[in-house]
Amino acid sequence: MIQNVWLIPAFPLAAFLANALFGRRWLRRWTGPLASAAIAASAIIAIGIFLEVRGGIERTTVPLYTFMSVGDFRVNVSALVDPLSSTMLLVVTVISFLIHVYAIGYMAHDRGFWRFFSWFPLFVFAMLVLVLADNYLVMFVGWEGVGLCSYLLIGFWFERPEPAGAAKKAFVMNRIGDWGFTIGMITTFLVFGSMNFSDVFERVAKDPPAQGVLSLICLAFFLGATGKSAQLPLHSWLPDAMEGPTPVSALIHAATMVTAGVYLVARSTPLYEAAGPVLASVGWVGALTAIFAATIALVQFDIKRVMAYSTVSQLGYMFLALGVGAPIAAMFHLATHAFFKALLFLGSGSVIHGVGDVQDMRRMGGLRSKMPLTYWTMVIAGGALAALPPLAGFWSKDEILGSAFKGGYPILWAVGVFTGGLTAFYITRAIWLTFHGQPRDHHLFEHAHESPRVMTWPLVALAAGSALVGFIGFPPDHGFIHAFLAPAVETGHGPAVEPGTDWTAFLTLAAISTAVGVTGILFGLSMYARSRPDPAAVARAAGPYYDVLVNKYYVDELYDRRFVDVAKAFAGAAWAFDIHIIDGLVNRLGWIIKLGGGGLRRAQTGIVGNYALSIVAGLLVVMVVYGGYATGWLRR
Amino acid sequence: MSVPLGAFVAVSAVLFFIGAAGVLVRRNAVVILMCVELMLNASNLALVAFSRRAGQLGAGNPLDQRGSVFVVFVFVIAAAEVAVGLAIILAAYRNRPTVNVDELHEMKG
């Protein structure tokens, strides 16, 4: 089985080729089922590989072919199968499969159906390449592929200016991160002479290079991760990515793309642990992003935008976990988050689909009776996001907070707990505004309907996942996932794991964070169900602070003024230089030649007599000159 | 009685300029071609005369008239020129029924 791991990315690639080449003319409606079937096949193999790895394989490299070979420098394309990658494979393929099925229903009426189902499996393919890579260079190939596909899919409705702009923004911000990745990759090669994970990690363990160099590598890779995983300060592309179709958002937020940064840092754990202080900065960036994005999510009215900031916030938690030296907790949260965030997005998509492409929650309300299945699955996902026991989010988030507390980062822990309260509040608000209360737009309400089965069944499957996946982390710190991932990320440098679960500590910490979460929910309910305090009054009382949140801390405006405008001015200057100096020179030259040609044109009269006359005249001149020389008349 | 060289050259020059004048002033393409022939033959006459004179002055064999070989070349060139020239005139005539060179000015710049 493990030798056939290459089939996992091969299926989506084949689906992409088939749909891109034959989708428009021949496959048409069949592109969706075809892509879904391909991902299903990948998922089945991924499950098989996962089971096999669980059976006791720590690390296997399956060589495929040599990518490049220059002197001593060789890059092989090989699939690296270890607990970390097999977990990611499982999450990516299963979630992607459900989203593909859902998209068949969601995109059914779109003209670009075949185009959508060409890019969709390609996206999954790129992510699988990234996950399976056994060296940084091949990982970078997948990394860039993911960036390209996100560009194509965010700008799927490129006829409208907003998606086109959002796609550009996503691409450019990712390029900044990619620059960091490239720097990290090159430095790694210069320092270690190899880009293979196993070689690099072995060297780090045996004779680590200077602390400064190591920090540089780690920071550069972290810059790449902030770009891909939408952390401060490169977070602002992700909320804008909402302009794409909802299944695309679900795929970006849950399965592919944003988890890549977390995976990169988790994969590079040995590097980060050797680099020391840099690791803490990862945690701080994560915590800051978590609280920053959660506060923005409090006041947004676009249902997808709330979810988007929620993703940024949850990714912050994952980096917090990585920063406090708990990569297992980060991967655990990545897996559970994939389920409930995919579900939240698909649920939002179901609502948007049901009410006819409206995303503003102020126009919804009371939809619970119209779409019960969507409602109940959304409630489960919301509960998981708010970390209510025993749903999935509870186990993973508490593990992160517990690791932060036990790892000696009480401030990060406090930030995490407080953000948990904010999270519970905004998700309560979103669900209440959408599904409860009186319908605020009667026309919309009358026409609202539950989505077709092809869309609701993935919701049910994801809801089951959101409820149950947490138990792979039970009992805390010593669950299945810990035993499974430990060999892949343990380096011996991290905080020692005490034997047996410390139930007192766990229950205390869980009680605190659950209490904060429940407080958030209750406050949300009293505010939006009872109007005590009235949301509008609160907004008015908060005044300028509220405006800052609504405008997302003016980050976009700041970037526009500081970077975009400067870049535009520079581009304008370069353009002027090109037009006036470079083109000007060439044009001036052409103008001179044209003038000369215009003058000579008059000589071409087309009358034979004139030509004959000029020949005779020339002859006479030659004769006179020759005669002059011969007689000495012209000689001095 | 021997004719002096100057007489040959004079006749040649006269013929040449008659031909040149014809080329310049006439409009009929066929006549222009005939005038070109006249110029060519004027130069032939000069060549023959100079060749004979060189033989008489001569170093070496008095019957050596190698210069006259040029005349044969000129004949060949003239024949080819007439063939091509007439073909062009014929083609131009088919395109547009005239042999007046002033009316054939499609190549005007």
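**Reading a predicted two-chain model**

Helix H10 (residues 246-255) of chain A is mostly covered, since ten of its ten residues are buried. The model is predicted, and the questions below start from this helix.

User: Which helices of chain A do the buried residues of H10(A) pack against?

Analyst: The buried residues of H10(A) include Thr246(A), Leu251(A) and His253(A). Their packing partners are other helices of chain A. These partners are H3 (83-106), H4 (113-132), H5 (136-154), H11 (258-267), H14 (303-323) and H15 (327-355).

User: Which residue follows H10(A), and what is its phi?

Analyst: H10(A) covers residues 246-255. The residue that follows the helix has a positive phi. It is Met257(A), with phi near 65 degrees.

User: Which residues have the most contacts inside the largest nonpolar core, and which residue of H10(A) does one of them touch?

Analyst: The largest nonpolar core has 201 residues, and those with the most contacts inside it are Phe123(A) and Ala342(A). Leaving out residues up to four places away in sequence, Phe123(A) touches Val146(A), Cys149(A), Leu153(A), Leu251(A) and Thr256(A). Among the buried residues of H10(A) is one of these, Leu251(A).

User: Which residues does the second, separate core include?

Analyst: This core is separate from the one just described and has eight residues. Among its members are Ala20(B), Ala29(B), Cys35(B) and Val101(B).

User: How many of the residues of H17(A) are buried?

Analyst: Helix H17 of chain A covers residues 392-406 and has 15 residues. From its first C-alpha to its last it reaches 21 Å, close to the 21 Å expected at 1.5 Å a residue. The helix is mostly covered, and the number of its residues that are buried is 14 of 15.

User: Which residue just after H17(A) takes a positive phi?

Analyst: H17(A) covers residues 392-406. Just after this helix, a phi of about 90 degrees is found. The residue that takes it is Gly408(A).

User: Is strand E1(A) largely in the open or covered?

Analyst: Strand E1 of chain A covers residues 60-70, eleven residues in number. The number of these that are buried is zero, so the strand lies largely in the open.

User: Which residue in the hairpin of E1(A) and E2(A) takes a positive phi?

Analyst: E1(A) and strand E2 (residues 73-81) of chain A run antiparallel and are joined by nine bridges. Within this pairing, Thr66(A) stands opposite Asn76(A). The hairpin has two residues between the strands, and a positive phi near 60 degrees is taken by Gly71(A).

User: In which loop is the cis peptide bond from Leu232(A) to Pro233(A) located?

Analyst: The bond from Leu232(A) to Pro233(A) is cis, with omega near 0 degrees. Pro233(A) is found in the loop between helix H8 (211-228) and helix H9 (237-240) of chain A.

User: Which residue of the loop between H8 and H9 of chain A has a positive phi although it is not a glycine, and is it buried or exposed?

Analyst: The residue with a positive phi of about 55 degrees is Ala230(A), and it lies in the loop between H8 and H9 of chain A. A residue counts as buried if 20 or more other C-beta atoms lie within 10 Å of its own. With 31 C-beta neighbours inside 10 Å, Ala230(A) therefore counts as buried.

User: How does the burial of Tyr553(A) read?

Analyst: Tyr553(A) is found in the loop between helix H24 (544-550) and helix H25 (555-601) of chain A. Its phi is near 60 degrees, a positive value in a residue other than glycine. Because Tyr553(A) has 15 other C-beta atoms within 10 Å, it is partly exposed.

User: Which residues does Val48(B) touch, not counting residues up to four places away in sequence?

Analyst: Val48(B) lies in helix H2 (residues 29-57) of chain B. It has 17 C-beta neighbours inside 10 Å and so counts as partly exposed. The residues that Val48(B) touches are Ser68(B) and Val71(B).

User: Which helix gives the largest share of the side of chain A that touches chain B?

Analyst: Ten residues of chain A are in contact with ten residues of chain B. The largest share of the chain A side, five residues, comes from helix H26 (residues 608-631) of chain A.

Terms used: Residues numbered from 1 in each chain as written. Chains lettered and ligands numbered in written order. Predicted model: local features only at pLDDT ≥ 70, side-chain atom pairs only at ≥ 80, totals over all residues. Helix = DSSP H or I, 4+ residues; strand = E, 2+ residues; numbered from the N terminus. Expected span 1.5 Å × (residues − 1). Buried ≥ 20, exposed ≤ 12 C-beta atoms within 10 Å, placed from the backbone. Contact = placed C-beta atoms within 7 Å. Core = buried A, V, L, I, M, F, W, Y, C linked by C-beta atoms within 7 Å. Pairing = 2+ DSSP bridges.
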